[in-house]
Amino acid sequence: MKRLLITALICAAASTLFAQNTKTDSIKTSTDTAKAKKDILKLGFGEGSEYEIHTNKDSLRIKPVHPSSIYPKASIGLTFSRFDLGLATLIDNGSFTLRPQNQFLNYRSWKTSNVGFDIFQMGVRFSDGFKIYLSGGFDWTLIRLRQNITILPNQPVLTYKQDDIDFSKNRFSSSYLRVPLSFEFRSKEDEKGNRIHFVIGPDAGLLLNGRVKQISEENGKQKIDDSYHFAKVRYGGFVRMGYAGWGIFAKYYVNDMFENSPEQAGLKNFSFGFTFGF
């Protein structure tokens with residue numbers, strides 16, 4: 001989208017340049033300096049993405065503009081940032097070991113993952129080093145089950161059945177619309193123009209759906225969607241820290257993963273890993 005907008009503006013600037021070259025000398029500015037000032041077009045795509053288009057009779061040039069030092073500054077728009085890729089861990093009443101009634105959720109640790117990213121944000125920068133923003137995006141927790149079981153949809157509580165099938169993949173997942181509120185602290189730019197970032201805040205999520213995905217020789221690929229008693233609303237906190245455009249993250253949700261299923265009371269979700277795009 002940004003490239004399309006820049007291309008459109010370049011075309012507009014080129015058209016303006018052509019029109020200016022066809023004007024008579026009587027409407028030319030009196031000095032080259034004055035003309036250069038008139039031929040600067042400013043455009044912006046959000047904080048940190050401002051550009052100037054410089055035109056004259058023989059050339060057209062685009063260069064970035066350093067953000068203004070006047071604060072506070074508000075911003076709103078679409079984005080693709082804070083891409084999280086990490087591991088998900090189940091915590092059962094404060095322990096990493098699942099209780100007997102939850103052993104059916106025994107999972108492969110290195111194949112149980114968390115993926116998420118933001119696509120919208122609005123916020124206010126109060127200084128060069130501090131900003132508050134609210135964002136929205138999507139978040140998936142993908143649990144790779146060890147046992148050959150099928151978690152059943154449309155049951156009064158979280159229920160499963162044992163299968164005689166050997167699944168090559170048996171994944172139990174949830175997807176959420178995530179809405180984090182971020183408090184961002186960042187250092188001054190170093191000699192390379194990069195910064196150290198530290199972001200912390202609360203995170204809320206609205207359940208989109210749950211899914212069981214299985215692959216086997218007998219049945220091929222199967223997908224079954226249901227809420228599976230995943231919490232309709234989840235809430236917790238997160239922290240991100242890093243340098244330049246990448247770093248690490250951790251997320252912990254304080255309410256239970258499942259609702260209206262008493263045997264799973266106290267089972268919570270913790271995730272950690274790498275994050276890209278501050």
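Contact, as used in these exercises, means heavy atoms within 4.5 Å. The structure is a predicted model.

**Exercise 1. Overall composition**

Determine the secondary-structure content of the protein, the share of buried residues, and the share of contacts that join residues at least 24 apart.

Solution.
- Step 1. The protein contains 14 strands and two helices.
- Step 2. Of its 278 residues, 36% are buried.
- Step 3. Take the contacts between residues at least 6 apart in sequence: 66% of them join residues at least 24 apart.

**Exercise 2. The strand pairings of β10**

Identify which strands pair with β10, in what sense, and over how many bridges.

Solution.
- Step 1. Strand β10 covers residues 196–216. With β9 (169–186), β10 pairs in the antiparallel sense over 16 bridges. Within this pairing, Asn 170 faces Gln 214 of β10.
- Step 2. β10 and β12 run antiparallel and are joined by 11 bridges. Here Gly 205 stands opposite Arg 234 of β12.
- Step 3. β10 also pairs with β11 in the antiparallel sense, over seven bridges. Lys 213 has Lys 223 in β11 as its bridge partner, and the two strands are connected as a hairpin through three residues.

**Exercise 3. Two residues around the β10–β11 hairpin**

Classify Ser 216 and Gln 222 as buried, partly exposed or exposed, and describe the surroundings of each residue.

Solution.
- Step 1. Ser 216 belongs to strand β10. Its relative accessible area is 7%, and buried means under 20%, so Ser 216 is buried.
- Step 2. Beyond its neighbours within four places in sequence, Ser 216 is in contact with Ile 165, Asp 166, Phe 167 and Ser 168. A polar atom of the Ser 216 side chain also lies 3.1 Å from the backbone nitrogen of Asn 219.
- Step 3. Gln 222 is part of strand β11, residues 220–226. Its relative accessibility is 31%, which falls between the 20% and 50% limits, so Gln 222 is partly exposed.
- Step 4. Leaving out residues up to four places away in sequence, Gln 222 touches Val 212, Lys 213 and Gln 214. Asn 170 is 52 residues from Gln 222 along the chain, and their C-alpha atoms are separated by 9.7 Å.

**Exercise 4. From β12 to β14**

Trace the pairing of β12 with β13 and of β13 with β14, then place Gly 247 within this arrangement.

Solution.
- Step 1. β12 (residues 233–243) and β13 (residues 246–253) are antiparallel partners over eight bridges, with Gly 236 opposite Tyr 253 of β13.
- Step 2. The two strands form a hairpin with two residues between them, and Ala 244 in the turn has a positive phi of about 60°.
- Step 3. β13 in turn pairs with β14 (residues 267–276), in the antiparallel sense and over seven bridges. Tyr 252 faces Phe 270 of β14.
- Step 4. Gly 247 is a β13 residue. Its relative accessibility is 3%, under the 20% limit, and therefore Gly 247 counts as buried.
- Step 5. Not counting residues up to four places away in sequence, Gly 247 touches Met 241, Gly 242, Gly 273, Phe 274, Thr 275 and Phe 278. For Phe 274, 27 residues from Gly 247 along the chain, the C-alpha separation is 5.8 Å.

**Exercise 5. Rings and the charge of Arg 234**

State over which rings Arg 234 lies, and describe the aromatic pairs of the protein.

Solution.
- Step 1. The charged end of Arg 234 sits over the ring of Tyr 176, 4.0 Å from its centre.
- Step 2. Arg 234 also lies over the face of Tyr 253, at 4.0 Å from the ring centre.
- Step 3. The count of aromatic pairs is 15. Ring pairs link Phe 80, Phe 83, Phe 117, Phe 138, Trp 140 and Phe 276 into a cluster.

**Exercise 6. The largest nonpolar core**

Name the residues that touch the most other members of the largest nonpolar core, and examine the contacts of Leu 90.

Solution.
- Step 1. This core has 19 residues; Leu 90, Leu 105, Ile 151, Phe 172 and Phe 258 touch the most other members.
- Step 2. The elements giving two or more residues to the core are β7 (149–152) and β9 (169–186).
- Step 3. Apart from neighbours within four places in sequence, Leu 90 is in contact with Ser 95, Phe 96, Leu 98, Leu 105, Tyr 107, Ile 143, Met 257, Leu 267 and Lys 268.

How values were computed. Residues are numbered from 1 along each chain as its sequence is written. This is a predicted model: local features need pLDDT of at least 70, side-chain atom pairs count only at pLDDT 80 or more; totals for chains, interfaces and linings use all residues. Side-chain values use heavy atoms; hydrogens and water are left out. A nonpolar core is a set of buried Ala, Val, Leu, Ile, Met, Phe, Trp, Tyr and Cys residues joined through side-chain atoms within 4.5 Å. Buried means under 20% relative accessible area, exposed over 50%, partly exposed in between (1.4 Å probe, protein chains only). Helices (H or I, at least four residues) and strands (E, at least two) are DSSP runs, numbered from the N terminus. Rings of Phe, Tyr and Trp (its six-membered ring) pair if their centres lie within 6.5 Å; planes under 30 degrees apart count as stacked, over 60 as edge-to-face and the rest as tilted. A charge sits over a ring if NZ of Lys or CZ of Arg is within 6 Å of the ring centre and within 35 degrees of the ring normal. A polar contact is a pair of N or O atoms within 3.5 Å; within protein, one must be able to donate a hydrogen and the other to accept it, and residues adjacent in sequence count only if both atoms are side-chain atoms. Two strands pair if DSSP finds at least two bridges between them.
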